[in-house]
Amino acid sequence: MYLNDDGVLKGIAPGVPAVDCSTIDPQTIRDIAAIAAQQGVVLGDAPVSGGTGGAQAGTLTFMVGGSAQHFAALKPLLEIMGRNIVHCGEVGTGQIAKICNNMLLAISMIGVSESMALGSALGIDTEVLASIINTSTGRCWSSEAYNPWPGIVETAPASRGYSGGFGAELMLKDLGLATEAARVAHQPVILGAIAQQLYQAMSLRGDGGKDFSAIIEGYRKKAL
């Protein structure tokens with residue numbers, strides 16, 4: 001896409017600030033940025049967090065990798081779409097922040113799903129359980145704002161059949177990026193690897209098009 005004869009770099013004039021907001025491998029964006037620099041193009045990375053709701057509300061978080069000067073040029077443009085524009089460091093660090101965040105998000109969603117499903121199986125009302133979790137030490141974004149149990153959070157995908165939101169296939173892709181980066185860095189990510197396996201199983205069941213919080217369905221059906 002970038003390096004073909006009719007690729008993106010061919011259409012960017014030297015000196016024009018350029019940014020890639022997709023979520024890709026950190027080394028890939030570094031390699032592309034190095035080639036872009038040879039053509040006089042300064043390319044940074046700025047993957048996004050906040051989902052479709054954040055995009056609609058203009059409250060996205062952009063994790064920006066690039067020089068301080070490049071960040072200063074990009075920030076006014078990104079502020080049109082987002083609320084939190086964070087300079088993470090040099091090119092590639094935006095991708096690092098994104099895959100680390102999403103790996104943690106997957107792990108926390110699985111933890112909330114296990115706890116909610118266990119509580120239901122043992123006989124506690126799920127609304128009561130959710131309220132206790134969200135006023136106790138288990139509280140997290142996955143339990144409070146995006147609870148995977150239907151009816152707990154009216155605006156969450158769980159309350160509309162797990163439609164919309166952040167697709168499980170996208171989460172699986174990001175987990176793959178995280179575990180591969182960890183392999184290259186010789187850094188153990190045990191829970192991240194387990195999360196990847198669970199989302200892979202979800203995809204193989206044909207549920208990859210649902211929101212990633214639908215991981216709870218495997219627990220409710222006892223069919224992981």
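Is A156 buried or exposed? In this predicted model, A156 has a relative accessible area of 1% and is therefore buried, the cut-off for that class being under 20%. The residue sits in the loop that joins helix 6 (141-144) to helix 7 (168-185). Setting aside residues up to four places away in sequence, the contacts of A156 are with A145, Y146 and N147. Y146 is ten residues from A156 along the chain, and the two C-alpha atoms are 5.2 Å apart.

A further residue of the loop between helix 6 and helix 7 is Y162. Y162 is not a glycine, yet its phi is positive, at about 60°. Most residues other than glycine have a negative phi. With a relative accessibility of 5%, Y162 falls under the 20% limit and so counts as buried. K222 also combines a positive phi, here about 55°, with a side chain other than that of glycine. K222 belongs to the segment that follows helix 9 (216-220). Its relative accessibility of 71% is over 50%, and K222 is therefore classed as exposed.

The overall arrangement of the chain was examined next. The protein chain contains nine helices and five strands. Read from the N terminus, the order of these elements is β-α-β-β-α-β-α-β-α-α-α-α-α-α. Along the principal axes, the C-alpha atoms occupy a box of roughly 65 × 35 × 30 Å. The chain has 224 residues, of which 42% are buried. Of the contacts between residues at least 6 apart in sequence, 60% connect residues at least 24 apart.

The domain assignment divides the chain into domain 1 (8-91) and domain 2 (96-218). Eleven residues of domain 1 and nine residues of domain 2 take part in the contact between them. A distance of 27 Å separates the C-alpha centres of the two domains. The size of an interface is often expressed as the accessible area lost when the parts come together. For domain 1 and domain 2 the buried area is about 810 Å², with 63% contributed by carbon and sulfur atoms. On the domain 1 side, T23, P26 and M63 lose the most area to domain 2, and together they account for 50% of what that side buries.

An unreviewed UniProt entry lists residues 92-217 as "domain: 3-hydroxyisobutyrate dehydrogenase-like NAD-binding". In the model, the span 92-217 is 63% helix and 0% strand, and its end C-alpha atoms are 35 Å apart.

Helix 4 covers residues 93-122, 30 residues in total. From first to last C-alpha, helix 4 spans 43 Å, close to the 44 Å expected at 1.5 Å a residue. G123, just after helix 4, adopts a positive phi of about 110°. Helix 7 has 18 residues and a span of 25 Å between its first and last C-alpha atoms, which is close to the expected 26 Å. Just after helix 7, H186 has a positive phi of about 55°. The buried residues of helix 7 are A168, M171, L172, D174, L175, L177, A178, T179 and A182. Among the elements that cover these buried residues are helix 4 and helix 8.

The nonpolar cores were then considered. The largest nonpolar core has 32 residues, and those that touch the most other members are I110, M116, M171, L175, Y199, F212 and I215. Two or more residues of this core come from each of helix 4, helix 5 (126-133), helix 7, helix 8 (190-207) and helix 9. Helix 4 supplies the largest share, nine residues. I215 makes contact with M109, I110, S113, L198, Y199 and M202, when neighbours within four places in sequence are left aside. A second core, separate from this one, comprises ten residues, including L9, I32, A33 and V91.

Definitions and conventions
Residues are numbered from 1 along each chain as its sequence is written. This is a predicted model: local features need pLDDT of at least 70, side-chain atom pairs count only at pLDDT 80 or more; totals for chains, interfaces and linings use all residues. Side-chain values use heavy atoms; hydrogens and water are left out. Helices (H or I, at least four residues) and strands (E, at least two) are DSSP runs, numbered from the N terminus. The expected span of a helix is 1.5 Å times one less than its number of residues. UniProt positions are given in the numbering used here, feature names are shortened, and annotations may be inferred rather than shown by experiment. Buried means under 20% relative accessible area, exposed over 50%, partly exposed in between (1.4 Å probe, protein chains only). Contact means heavy atoms within 4.5 Å. A nonpolar core is a set of buried Ala, Val, Leu, Ile, Met, Phe, Trp, Tyr and Cys residues joined through side-chain atoms within 4.5 Å. Domain bounds come from an automatic or database domain assignment. Buried area is the accessible area (1.4 Å probe) that two parts lose on being put together, summed over both.
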